[in-house]
Amino acid sequence: MTNPLSLPPLSNPLVVTVAYDQLCTFEFGIATEIFALARPEMGPNWYRFAVAGLDEGEMRSTGGLRFAVDGGLDLLAEAGTIIIPGWRGIDAPVPQVLIEALQAAHARGARVLSLCSGVFVLAAAGLLDGQRATTHWRYTDALTARFPAIAVTPDVLYVDAGSVLTS
């Protein structure tokens with residue numbers, strides 16, 4: 001008897017979460033809990049997980065925790081799925097190197113998703129233009145004002161637009 005939860009083989013099972021100085025640990029923890037932990041009940045085709053560091057040198061979360069990463073943004077070129085956890089601040093600029101890495105990954109077919117204020121990173125990269133998107137309710141007005149090309153949907157938990165997902 002086959003396991004009804006078992007995943008079919010994935011074309012690219014590598015999930016890469018972007019980490020940065022002043023990382024939001026809650027959203028980062030969600031990505032880690034879902035994709036980094038072993039899930040034997042899901043069969044042998046579960047995801048692989050890596051963390052890509054945006055910033056050079058020591059990085060700390062908003063709560064002061066120090067953390068290590070598996071590599072730099074070059075990991076995004078290998079990823080099938082990229083996760084942007086809540087951004088370090090909705091007014092914090094998004095580095096051009098991250099914008100370009102996300103655009104290139106998306107153009108080659110990677111899924112890109114944001115958690116909470118990570119939506120501002122995807123918006124800065126232009127990946128949400130002309131699409132529906134969502135974020136935490138306290139950021140919906142700011143997202144609407146700053147990125148009028150996005151159809152912000154404030155009353156849902158997530159929006160799945162195929163290769164771009166927001167929550």
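This note goes through some local features of the structure above, which is a predicted model.

1. Helix α1 and the surface patch. Helix α1 covers residues 25-35, and F26 has its place in this helix. Together with I30 and I34, F26 makes a nonpolar patch of about 290 Å² on the surface. For F26 the relative accessible area is 61%, so this residue is classed as exposed.

2. The largest pocket. The volume of the largest pocket comes to about 240 Å³, and 15 residues form its lining. Of these residues, I34, F35, L113, L115 and L165 lie nearest the centre of the pocket. A student who follows the chain will find that α1, β5 (81-84), β6 (111-114) and β10 (164-166) are the elements that give two or more residues to this lining. Helix α1 gives the most, with four residues. I34 is worth marking on the structure, since this residue takes part in the nonpolar surface patch and is also listed among the residues nearest the centre of the largest pocket.

3. The character of the lining. How many residues of the lining are nonpolar, polar and charged? The lining of the largest pocket divides into 10 nonpolar residues, four polar residues and one charged residue.

4. Salt bridges around E58. Side chains of opposite charge can pair when their charged atoms come close. The count of salt bridges in this model is four, and one of them is formed by the side chains of E58 and R60, with a distance of 3.2 Å from N to O. The side chain of E58 also meets that of R66 in a salt bridge, and here the N to O distance is given as 3.2 Å. E58 is exposed, because its relative accessible area is 52% and the class begins over 50%. R66 is exposed as well, with a relative accessible area of 58%, whereas R60 is partly exposed at 29%.

5. The salt bridge between R146 and D91. The side chains of R146 and D91 meet in a salt bridge with an N to O distance of 2.4 Å. R146 belongs to helix α4 (residues 140-146), while D91 sits in the loop between β5 and α2 (96-107), so the pair ties together parts that are 55 residues apart in sequence. Returning to the other pairs, the salt bridges that share partners join E58, R60 and R66 into one network. As for accessibility, R146 counts as partly exposed at 38%, and D91 is exposed at 62%.

6. Two positive phi angles. Which phi value does Q22 have, although it is not a glycine? The phi of Q22 is positive, at about 70°, and this residue is placed in the loop between β1 (14-19) and α1. With a relative accessible area of 34%, Q22 is partly exposed. C116 is another residue other than glycine with a positive phi, in this case near 55°, and its place is in the loop between β6 and α3 (119-124). Is C116 buried or exposed? The relative accessible area of C116 is 14%, and because buried means under 20%, C116 is classed as buried.

7. I84 and F35. I84 lies in strand β5, and its relative accessible area of 1% makes it a buried residue. Between the C-alpha atoms of I84 and F35 there is a separation of 13 Å, while along the chain these two residues are 49 residues apart. F35, for its part, is one of the residues that lie nearest the centre of the largest pocket.

8. L128 and A149. L128 is found in the loop between α3 and β7 (132-133), and, although it belongs to a loop, L128 is buried, with a relative accessible area of 1%. In sequence L128 and A149 are 21 residues apart, and in space the distance from C-alpha to C-alpha is 7.8 Å.

Note on methods:
Residues are numbered from 1 along each chain as its sequence is written. This is a predicted model: local features need pLDDT of at least 70, side-chain atom pairs count only at pLDDT 80 or more; totals for chains, interfaces and linings use all residues. Side-chain values use heavy atoms; hydrogens and water are left out. Patches are made of residues with over 30% relative accessible area and no salt bridge: like charges are joined within 9 Å, nonpolar side chains (Val, Leu, Ile, Met, Phe, Trp, Tyr) within 5 Å. Accessible areas come from the Shrake-Rupley method with a 1.4 Å probe; for residues, only the protein chains shown count as cover. Buried means under 20% relative accessible area, exposed over 50%, partly exposed in between (1.4 Å probe, protein chains only). On a 1 Å grid over the protein atoms alone, a cavity is a set of points where a 1.4 Å probe fits but cannot get out, and a pocket is an open set with protein on both sides within 12 Å along at least five of seven lines; lining residues have an atom within 4 Å of a point. Grid points are joined across faces, edges and corners, and a volume is the space filled by probe spheres set on the points. Ala, Val, Leu, Ile, Met, Phe, Trp, Tyr, Cys and Pro count as nonpolar, Asp, Glu, Lys and Arg as charged, and the others, Gly among them, as polar.
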